[in-house]
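Welcome to a short guided tour for readers meeting this structure for the first time. Please keep the sequence and the 3D view at hand as you read.

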Amino acid sequence: MVRTVPGRTDRVVVVGAGLAGLSAALRLRGAGREVTVVERGPGPGGRAGRIEERGYALDTGPSVFTAPELVADTLAAVGEKLEDRLPLVRLDTTYRAQFADGSHLDVHADPDAFAAEVAALCGPAEALALRRYLADLAELYRLQLDTFIDRNLDTPLDLLGPELLTLVRRGGFGRLSRHVGRAFTDDRLRRLFSFQALYAGVSPQRAIAAYAVIAQLDIGAGVWHPVGGIAAVPRALAAAAADAGVAFRYGTGVTGLETSGRRTTGVLLDDGERLPTDAVVVTVDAPERLVPGLTRRRRPVYSPSCVALHVGVRAELPGQAHHTISFGASWAEVFRELTRDGRPMTDPSLLVSMPSRTDRSLAPDGGQVLSIVAPTPNLDRRSGGNPDLDWAELGPRYRDEVLAVLEARGWTGLSGAIEVEHVDTPLTWAAQGMAAGTPFALAHTFGQTGPFRMPTLPRRGPENVVLAGSSVQPGVGVPMVVISGRLAAERITGPVPR
């Protein structure tokens with residue numbers, strides 16, 4: 001039996017209008033609760049930020065959008081349809097993978113087209129291996145979704161059942177690098193299906209094989225582009241929530257929670273106002289900073305951080321894909337630098353997104369917008385990071401290095417055509433309240449995965465405060481935080497049929 005908030009839950013305050021908070025608010029409103037969302041920023045989005053300047057619209061948060069069915073299910077909680085709120089375009093080419101030897105591989109949404117690409121680059125045997133692996137990923141995802149991801153877990157005992165035994169038999173608790181290595185002989189395919197470990201905050205050599213399912217979300221199931229950019233997703237959710245009767249308080253910070261006995265009775269705002277409440281959903285990155293009595297059982301381990309360079313360029317940049325993974329020659333060394341040595345990658349692998357390739361509303365005529373993400377160490381020494389790196393001084397130099405690398409890898413003319421730019425470093429994330437200066441929150445080490453990760457209803461702290469977001473179950477990434485919002489809402493409403 002999943003624990004729920006006891007007592008009255010008629011009035012709920014949600015702290016944070018990011019994707020997790022909006023997901024929870026829509027679920028709660030659909031269940032008849034009176035909901036108020038408090039957000040310190042000027043509008044919805046949280047990590048999914050937006051900068052608009054000189055005709056360029058720069059998304060400063062997530063750049064890859066998968067699993068639109070989760071957003072559709074969230075909107076359905078208040079009787080809305082996804083297609084009415086958020087037009088989507090499915091990408092025929094999910095990624096273009098560029099390799100250090102000069103070769104490249106287009107990852108197609110259509111499995112036959114993808115297999116043909118692999119056969120041409122790596123040979124027919126690897127194309128057959130690809131088909132087997134994609135089928136295995138789909139089954140692995142189906143196995144894990146209902147049992148390990150899309151449900152509230154209070155103790156490890158909640159996992160006991162035939163699904164756990166099946167996962168063990170399939171090698172789900174081995175190492176991801178070995179799991180992928182057994183499937184493919186070509187090192188390029190091994191990299192393509194294991195780089196997603198960075199999304200989980202660990203190296204492929206340390207990640208458990210169960211995290212292979214991350215590749216199912218983008219390579220297996222496909223990637224979509226929300227028309228208007230990623231920032232259009234929280235805007236659509238917030239608009240639907242407002243139309244359903246959710247109240248929003250933007251530009252307002254939360255300074256504390258008022259408690260009486262074991263319950264929170266009010267949310268204290270930075271303008272001195274108090275919002276009375278029966279339950280609270282907290283979506284901040286480090287909830288223990290806000291929730292009285294909330295503590296962690298062990299010292300947290302954080303994911304690597306990143307330098308994110310968002311630019312608007314007056315150049316066509318022909319021939320480039322919507323999403324490009326640009327691999328350096330180094331691989332194991334890269335992860336050692338990021339998670340053990342505490343220094344930036346000397347031979348970086350980069351994620352480059354150019355959404356204006358698909359959506360011309362994001363850039364003026366003759367221009368493009370790009371988001372370039374270069375993983376870096378975080379600011380927590382015990383997580384393998386380096387608090388001594390002077391990003392105020394290092395940031396501009398590293399920005400130049402990243403652009404030079406891209407120029408050398410085929411993005412000719414990029415550096416000289418920049419008209420608008422915005423650079424985020426670990427210092428940026430720390431200033432926004434993100435622990436260890438990383439936007440990727442807690443790493444998915446074994447001790448911070450599933451029932452070992454902070455639950456949405458912690459046993460410490462007030463009994464009517466629930467949590468959502470990247471730092472709690474099920475974890476990091478757009479699909480996971482949308483799920484966490486639903487799981488948090490169900491701690492208040494009880495389970496709701498899907």
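## Strand β16 and its partners

Strand β16 and strand β17 (residues 368-376) run antiparallel and are joined by three bridges. Before going further, please note that this is a predicted model. Strand β15 (residues 323-326) is also antiparallel to β16, and here four bridges make the connection. A handy residue to look for is Leu351 in β16, which stands opposite Ile325. Leu351 also has a bridge partner in β17, namely Val373.

Which way do the residues of β16 (residues 350-353) point? Leu350 and Val352 point one way, while Leu351 and Ser353 point the other way, and all of them are buried. As a general matter, the strands of a sheet pair through backbone hydrogen bonds, in either a parallel or an antiparallel fashion.

## Helix α11 and what it packs against

Now turn to helix α11, which covers residues 332-341. Its buried residues are Val334, Phe335, Glu337, Leu338 and Thr339. Why do they line one face of the helix? Looking down the axis of α11, you would find the buried residues within an arc of 160 degrees, so they share one face.

These buried residues of α11 pack against β17. Just after the helix comes Gly342, with a positive phi near 65 degrees.

## Two nonpolar cores

How many residues make up the largest nonpolar core? There are 103, and those with the most contacts inside the core are Phe114, Leu192, Phe193 and Val281. Helix α5 (residues 124-149) provides the largest share of this core, with eleven residues.

Phe114 is a good place to zoom in. Leaving aside residues up to four places away in sequence, Phe114 touches Leu105, Asp106, Val107, His108, Leu130, Leu134, Leu192, Phe193 and Ile219. There is also a second, separate core of 26 residues, including Ala315, Ile372, Tyr398 and Ala417.

## Where α5 meets α9

Helix α5 has a packing partner in helix α9 (residues 213-220). The two pack at an angle of about 120 degrees, and their axes are 9 Å apart. Their crossing is left-handed.

Which residues meet there? From α5 come Leu134, Leu137, Ala138, Leu140, Tyr141 and Gln144. On the α9 side they meet Val213, Ala215, Gln216, Leu217, Ile219 and Gly220. Two of these names may sound familiar: Leu134 and Ile219 are among the residues that Phe114 touches.

## A three-stranded sheet

Elsewhere, three strands form an open sheet with antiparallel pairing, in the order β10-β11-β12. β10 (254-260) and β12 (274-276) stand at the edges, and each has a single partner strand, so one side of each lacks a neighbour in the sheet. On average, and ignoring direction, neighbouring strands of this sheet are turned by 30 degrees against each other.

The antiparallel pairing of β10 with strand β11 (residues 263-269) extends over six bridges. To find your way along this pair, look for Gly256, which stands opposite Leu268 in β11.

## Backbone details in the loops

Some backbone angles deserve a look of their own. Most residues other than glycine have a negative phi, and most peptide bonds are trans. Leu317 is not a glycine, yet its phi is positive, at about 50 degrees. Leu317 belongs to the loop between β14 (305-313) and β15. Is Leu317 buried or exposed? Its relative accessibility is 7%, so Leu317 counts as buried, the cut-off being under 20%.

Ala436 is another residue other than glycine with a positive phi, near 60 degrees. You will find Ala436 in the loop between α13 (426-431) and β19. With a relative accessible area of 17%, Ala436 is buried. Further on, the peptide bond from Gln473 to Pro474 is cis, with omega near 0 degrees. Pro474 sits in the loop between β19 (465-467) and α14 (478-493).

## After the helix α14

Our last stop is Pro497, in the segment after α14. Pro497 counts as exposed, at 76% relative accessibility. Between Pro497 and Ala57 there are 38 Å in space, C-alpha to C-alpha, and the two are 440 residues apart in sequence.

Terms used: Residues numbered from 1 in each chain as written. Predicted model: local features only at pLDDT ≥ 70, side-chain atom pairs only at ≥ 80, totals over all residues. Heavy atoms only, no water. Buried < 20%, exposed > 50% of the residue type's maximum accessible area, 1.4 Å probe, protein only. Pairing = 2+ DSSP bridges. Arc of directions from axis to C-beta. Contact = heavy atoms within 4.5 Å. Core = buried A, V, L, I, M, F, W, Y, C linked by side-chain atoms within 4.5 Å. Axes fitted to C-alpha atoms, helices over the stretch in contact; angles between N-to-C directions. Left-handed = near helix turned anticlockwise from the far one by under 90°.
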